[in-house]
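User: Please guide me through this structure, one question at a time.

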Amino acid sequence: ANRTGGSYSEAVVTVDGAEKFRSMTPDAELQKRVNVAMKVDPDQMPYFPLQHDDYIELKERSAKHILDGKPGSPEGLADIDIAIETLKVAEKLTPELRAALA
């Protein structure tokens, strides 16, 4: 991955050449919060403030699930089976994506 452009991610879905969906992170509001956090502590890794809210949500869901004594994985969080299936999809798509980007 090329990270020289900063902590930025974008996905665009097109159908027959027409854009149907676009998602970017960070959005303008999150970027403002990231900028403030980086000014407060410029030595931190730039992805810390970018991922802060998601990380807190993950920790809170996981802790509540454990404290409630529930079995399995917390609702909405990936488990090992989802991770394995995701890797299978990545392995399937890798040659096709490499060819398309060549």
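**Questions and answers**

User: What sign and value does phi have at Gly-69, which follows α2?
Analyst: This is a predicted model, in which local features need pLDDT of at least 70 and side-chain atom pairs count only at pLDDT 80 or more, while totals for chains, interfaces and linings use all residues. Residues are numbered from 1 along each chain as its sequence is written, and side-chain values use heavy atoms, leaving out hydrogens and water. Helices (H or I, at least four residues) and strands (E, at least two) are DSSP runs, numbered from the N terminus. After α2 comes Gly-69, and its phi is positive, near 70°.

User: What span is expected for α2, residues 47-67?
Analyst: The expected span of a helix is 1.5 Å times one less than its number of residues. Helix α2 has 21 residues and reaches 29 Å from first to last C-alpha, close to the expected 30 Å.

User: On which residue is the kink in α2 centred?
Analyst: The bend at a residue is the angle between axes fitted to the seven residues ending there and the seven starting there. In α2 there is a kink of about 45°, and its centre is Asp-53.

User: Which residues of α2 are buried?
Analyst: Buried means under 20% relative accessible area, exposed over 50%, and partly exposed in between (1.4 Å probe, protein chains only). The cover over the buried residues of α2 includes β2 (18-25) and α1 (28-40). Those buried residues are Pro-49, Leu-50 and His-65.

User: How many salt bridges does the structure hold?
Analyst: A salt bridge is a side-chain nitrogen of Lys or Arg within 4 Å of a carboxyl oxygen of Asp or Glu. One of them joins Glu-29 and Arg-33, whose closest N and O atoms are 3.4 Å apart. The number of salt bridges is 8.

User: Why are Glu-29 and Arg-33 separated by about one helical turn?
Analyst: An α-helix has 3.6 residues a turn, so residues three or four places apart point the same way. Glu-29 is exposed at 54% relative accessibility, whereas Arg-33 is partly exposed at 38%. The two lie about one helical turn from each other because their spacing in helix α1 is 4 residues.

User: What is the distance between the closest N and O atoms of Glu-85 and Lys-88?
Analyst: These residues are 3 apart in helix α3, which means a separation of about one helical turn. Glu-85 is partly exposed at 43% relative accessibility, and Lys-88 is partly exposed at 48%. In their salt bridge, the closest N and O atoms are separated by 3.2 Å.

Note on methods
Contact means heavy atoms within 4.5 Å.
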